[in-house]
Amino acid sequence: MALDRIDATAPARAHIRSLIARHGPLMFHLSGGCCDGSAPMCFARGELRLGARDVLLGTIEDCPFYVGADQWERWQHTTLTLDLVEGRGASFSLEAPDGVRFLIRSDVCAVPSAAGDRG
Amino acid sequence: MRYARPNTPGSKVQYRSRYDNYIGGQFVRPRQERYFENVSPVTGRPFCEVARSTADDVERALDAAHGAKAAWGRTSAAERANVLLKIADVMEANLELLAVSETWDNGKPIRETLAADLPLAIDHFRYFAGCLRAEDSGMAELDASTVSYHVKEPLGVVGQIIPWNFPLLMATWKLAPALAAGNCVVLKPAEQTPVTILLLAELIGHLLPPGVLNVVNGFGVEAGKPLASSPRVAKVAFTGETTTGRLIMQYASENIIPVTLELGGKSPNLFFADVLARDDEFRDKALEGFTMFALNQGEVCTCPSRALIDRKIYGTFLELAVARAATVQPGDPLDTETKLGAQASNDQLEKILSYFDIGKKEGARVLLGGQRVRLGGDLADGYYVEPTIFEGNNKMRTFQEEIFGPVVSVTSFDSFDDAIAIANDTLYGLGAGVWTRDVHTAYRAARAIQAGRVWTNCYHLYPAHAAFGGYKQSGIGRETHKMMLDHYQQTKNILVSYDPKPMGFF
């Protein structure tokens, strides 16, 4: 069941519709790690085989948006908004050849655990 | 000193207006005749066009590689080692040209390309030439008349997908051992930084038989995917992020081939109280070690992006560290005095800015920086940001995600165990730093941190003769070190009986 934790800006939605027109149904998966890490990856639906521990954050323009469970554990105090910026990244994401890149913007929806709070 | 801009009079680098793929020893137009604009992050402006390849071009490169693999795989170790040495010599003779191009394509300061990227890449080819000559396979006498021989054989044709943060050096980390081991390579550079590797191919092409090295440029989905999913490659090596890493493992599982993956980290840099015990060279070195988060604009998989500081010295150390980091300000990447260059692309810049935003929203304190920088003149549209220091706690997203910018998140620890617990509270385990004058603390910490490389009283050294790679979600396999020859070879066991008598079973 979707968590309803992802939304999208109008430019991102418009571009998703354009991609759907060219590539058919899509899926998103939030990446982690280096280079283009922490960026959303957009694939033809089914391109990335989902694991039992991928979490469905919601759907945008009917496209499911997933993240790995371990990563979500560290992001779960935030709500995400899918945006679109100029650039192309370096990934297998479908929008890159169009000279644009999906980007995540975030808001805090709960305070992180106070354990380890220091400074 | 300031190096002249490429394509201006007096510059070491005069780019062609358009670059094709390098396949079978020559430059070949992409089948669909499409090209993309290559932007310099220094100015934010395009400076050449590069082939936008598709599966057809990847197939053509694979044809060339398969055509060359039998002969290249049969060359003697001495022959291949000599080729690697000559490649290193040509790179050395063209060091400034390649360094200027790398700076122009990636945005990193020329100080770093001249002193690190190029010398390290050159040494890497020489190192593997040496390893190759010294390599020896094992044999064993199993009994008086049975002998086991182990012979190393190349994998054949391998696919390599290169990141944009150290385009030439990361290509070298993958190329040198693959070529040394007798493989042919189809290499896909990152789409942000496609050009310097083509300049290198132009310079060294005559040293290699046609088809041994092939470079296919283009977008990940159009050129990277056909390469990574091809049943005609015997191995895929990839440096990048985790979702693409998963995809590459998925494709590899369909073809049952091995992969090596280097997927980044969120490296902790631990400063124990005794670093401030004296005001001496070592204290100065530790402060430099803190500031290493700004190396290569933080676009390093092992960026020491979490500084964990002993509470006993927290305030004093941080004051000194902030002052030190403040001296590193962005400037013209082609000026040899500049310590901080441009981020590699606009989307990378935007991602860093999005982390400045969430860092502040999560309540992290900004101790330094936190803004985009607009430089003057032709740099006005380049992608520059301030070195940035956040203070917060390890649960914050700026402590958990690789920002890939000149950004460090700082917190304190109360004890050795606390330090290790925070250091290991991450999905990743690529690099780490430990700073202390106490050898016992240093060794205990190095062993307790779950990471593939623990720099101890140093940071960001990348010698060829030291293995590099990740624990946990940072990837699979290693790069650098002679063990890489094994990563690019099959082991053939020839089991021989010298006994003429039957076994007597049947």
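Me: Helices (H or I, at least four residues) and strands (E, at least two) are DSSP runs, numbered from the N terminus. Which residue just after H11(B) takes a positive phi?

Reply: Bear in mind that this is a predicted model: local features need pLDDT of at least 70, side-chain atom pairs count only at pLDDT 80 or more, and totals for chains, interfaces and linings use all residues. Residues are numbered from 1 along each chain as its sequence is written, while chains are lettered from A and ligands numbered from 1 in the order in which they are written. The phi in question is about 95 degrees, and its owner is B:Gly363.

Me: How far apart are the end C-alpha atoms of H11(B)?

Reply: The expected span of a helix is 1.5 Å times one less than its number of residues. H11(B) has 16 residues, so it should span 22 Å. The model agrees with this, as the end C-alpha atoms are apart by 23 Å.

Me: And how many residues of H11(B) are buried?

Reply: A residue is buried if 20 or more other C-beta atoms, placed from the backbone, lie within 10 Å of its own, exposed if 12 or fewer do, and partly exposed in between. Buried residues of H11(B) include B:Leu349, B:Ile352, B:Phe356 and B:Ile358, but also B:Asp347 and B:Lys351. The helix is mostly covered: of its 16 residues, the buried ones number twelve.

Me: Which element gives the largest share of the side of chain B that touches chain A?

Reply: Counting residues as in contact if their C-beta atoms, placed from the backbone, lie within 7 Å, 51 residues of chain B touch 43 of chain A. The elements giving two or more residues to chain B's side are helices H7 (220-228), H8 (242-255), H11 (346-361) and H12 (397-400), plus strand E19 (407-413). The largest share is eight residues, from H11(B).

Me: What is the order of the strands in the open sheet of chain A?

Reply: Strands pair if DSSP finds at least two bridges between them. Four strands make up this open sheet, with mixed pairing, in the order E3-E2-E5-E4.

Me: Which strands are the edge strands there?

Reply: Each edge strand pairs on one side only. They are E3 (40-44) and E4 (54-60) of chain A.

Me: What is the bridge partner of B:Ser40 in E5(B)?

Reply: In chain B, strands E4 (residues 35-40) and E5 (residues 45-51) run antiparallel, joined by six bridges. They form a hairpin with four residues between them, and B:Gly44 in the turn has a positive phi of about 75 degrees. Five of the six residues of E4(B) are buried, so the rest of the structure largely encloses this strand. For B:Ser40, the partner in E5(B) is B:Arg45.

Me: Which helix gives the most to the largest nonpolar core?

Reply: A nonpolar core is a set of buried Ala, Val, Leu, Ile, Met, Phe, Trp, Tyr and Cys residues joined through C-beta atoms within 7 Å. The largest has 189 residues, and B:Ala65, B:Phe128 and B:Val185 are among those with the most contacts inside it. With eleven residues, the top contributor is helix H4 (residues 110-134) of chain B.

Me: Is B:Tyr428 buried or exposed?

Reply: B:Tyr428 sits in strand E20 (residues 428-429) of chain B. Leaving aside neighbours within four places in sequence, its contacts include A:Gly33, B:Lys266 and B:Gln473. It has 30 C-beta neighbours inside 10 Å, so B:Tyr428 counts as buried.

Notes: Contact = placed C-beta atoms within 7 Å.
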